[in-house]
Amino acid sequence: MASADARDTFDRLVDIMARLRAPGGCPWDREQTAESLQPYLVEEAYEVLDAIADGDPESLRDELGDVLLQVVFHAEIAAETGRFGIADVARAIGDKLVRRHPHVFGDVTVRDADEVSRNWREIKAAERRAKGIVGGVLSSVPRALPALPRAQQVGDKLADVGFDWPDLAGTLAKVDEERQELEEAVASGDAAAAARELGDLLLTMTSVARHLGVSAEIVLREATERLSHRVAEVESQAAAAGTSLGALDATARDRLWEEAKRRTAAKV
């Protein structure tokens with residue numbers, strides 16, 4: 001059960017938000033809408049990912065607070081028009097968690113986490129049918145997702161109905177096929193065809209991530225972070241030698257790059 005302190009501090013946050021939106025409150029907060037807040041919600045979610053990657057608990061605490069603020073903000077805007085309030089939001093997610101965990105709150109027995117995931121998907125599908133929501137196997141994948149996680153979710157949904165390569169080896173073979181088709185399109189000089197083949201190759205790589213049991217979004221973020229650290233290291237070494245990254249010749253750049261890889265290997 002939540003502690004009295006947790007309930008009190010959450011109630012305080014809700015009261016603060018209501019005051020900011022009330023007449024005489026903050027002009028900026030009062031003029032916001034659900035639509036105007038969309039970029040902030042996305043930005044705060046990504047800042048949480050940064051805090052997790054940095055391993056900084058204080059930063060994670062603060063960034064989670066910013067995401068919670070967005071939830072309370074949206075709920076307050078909805079409450080002002082009588083649609084729903086923060087209590088309805090909390091009640092709905094609480095009810096959903098109980099429904100989707102019958103092995104905890106009911107008498108269902110499960111063998112492992114994979115079976116929990118299968119049950120979750122079946123219960124979710126039943127909920128959508130009960131609401132009269134009809135659609136194909138991909139209809140529940142949010143269109144607003146960034147391209148990479150959306151592609152992996154599409155692959156996940158297709159895998160659930162057996163529309164998938166049987167194993168990692170088959171997926172890697174498809175990667176080779178798509179790479180060959182990309183090379184052929186590039187050689188033909190057809191820019192539009194090359195762009196399509198590149199898209200197919202990227203899409204197939206998200207299936208590789210699924211078969212490896214990793215998030216394509218996260219592993220790409222981590223790879224980009226490694227690149228950023230190594231570039232910063234090369235820039236630092238170049239500056240110490242009285243030059244810049246752009247002024248290095250190919251030999252010096254490659255040497256500093258290999259040194260940077262060795263120095264940063266244990267850090268990122």
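**Close-up views of a predicted all-helix chain**

**View 1. A239, an exposed residue of helix 11.** In this predicted model, A239 is exposed, with a relative accessible area of 51%, a value that falls in the exposed class because that class takes residues over 50%. The place of A239 is in helix 11. Its C-alpha atom is separated by 32 Å from that of Y46, and the two residues are 193 apart along the chain.

**View 2. H229, a partly exposed residue of helix 11.** Helix 11 covers residues 216–240, and H229 has its place there. The relative accessibility of H229 is 35%, so this residue counts as partly exposed, the class that lies between buried, under 20%, and exposed, over 50%. A260 is 31 residues from H229 in sequence, and the C-alpha atoms of the pair are 8.5 Å apart in space.

**View 3. The largest pocket and its lining.** The largest pocket of the predicted model has a volume of about 820 Å³. Its lining is made up of 26 residues, and those that lie nearest the centre of the pocket are R121, S140, D156, K157 and D160. Two or more residues of this lining are given by helix 7, residues 113–130, and by helix 8, residues 147–160. Helix 7 supplies the largest share of the lining, with nine residues. When the lining residues are divided by character, 11 are charged, nine are nonpolar and six are polar.

**View 4. The whole chain, as a setting for the close-ups.** The chain holds 12 helices and zero strands, and from the N terminus on its elements therefore read as α throughout, α-α-α-α-α-α-α-α-α-α-α-α. The radius of gyration is 25 Å, whereas the globule rule gives 18 Å for 268 residues, so the chain is more spread out than a compact globule. Along the principal axes, the C-alpha trace spans about 65 × 50 × 40 Å.

**View 5. Surface, burial and contacts of the chain.** About 17,800 Å² of the chain is exposed, and carbon and sulfur atoms supply 57% of this area. Of the 268 residues in the chain, 21% are buried, which means that their relative accessible area is under 20%. Among the contacts between residues at least 6 apart in sequence, 49% join residues that are at least 24 apart.

Technical notes. Residues are numbered from 1 along each chain as its sequence is written. This is a predicted model: local features need pLDDT of at least 70, side-chain atom pairs count only at pLDDT 80 or more; totals for chains, interfaces and linings use all residues. Side-chain values use heavy atoms; hydrogens and water are left out. On a 1 Å grid over the protein atoms alone, a cavity is a set of points where a 1.4 Å probe fits but cannot get out, and a pocket is an open set with protein on both sides within 12 Å along at least five of seven lines; lining residues have an atom within 4 Å of a point. Grid points are joined across faces, edges and corners, and a volume is the space filled by probe spheres set on the points. Helices (H or I, at least four residues) and strands (E, at least two) are DSSP runs, numbered from the N terminus. Ala, Val, Leu, Ile, Met, Phe, Trp, Tyr, Cys and Pro count as nonpolar, Asp, Glu, Lys and Arg as charged, and the others, Gly among them, as polar. The radius of gyration is taken over C-alpha atoms; the globule rule is 2.2 Å times the number of residues to the power 0.38. Buried means under 20% relative accessible area, exposed over 50%, partly exposed in between (1.4 Å probe, protein chains only). Contact means heavy atoms within 4.5 Å. Accessible areas come from the Shrake-Rupley method with a 1.4 Å probe; for residues, only the protein chains shown count as cover.
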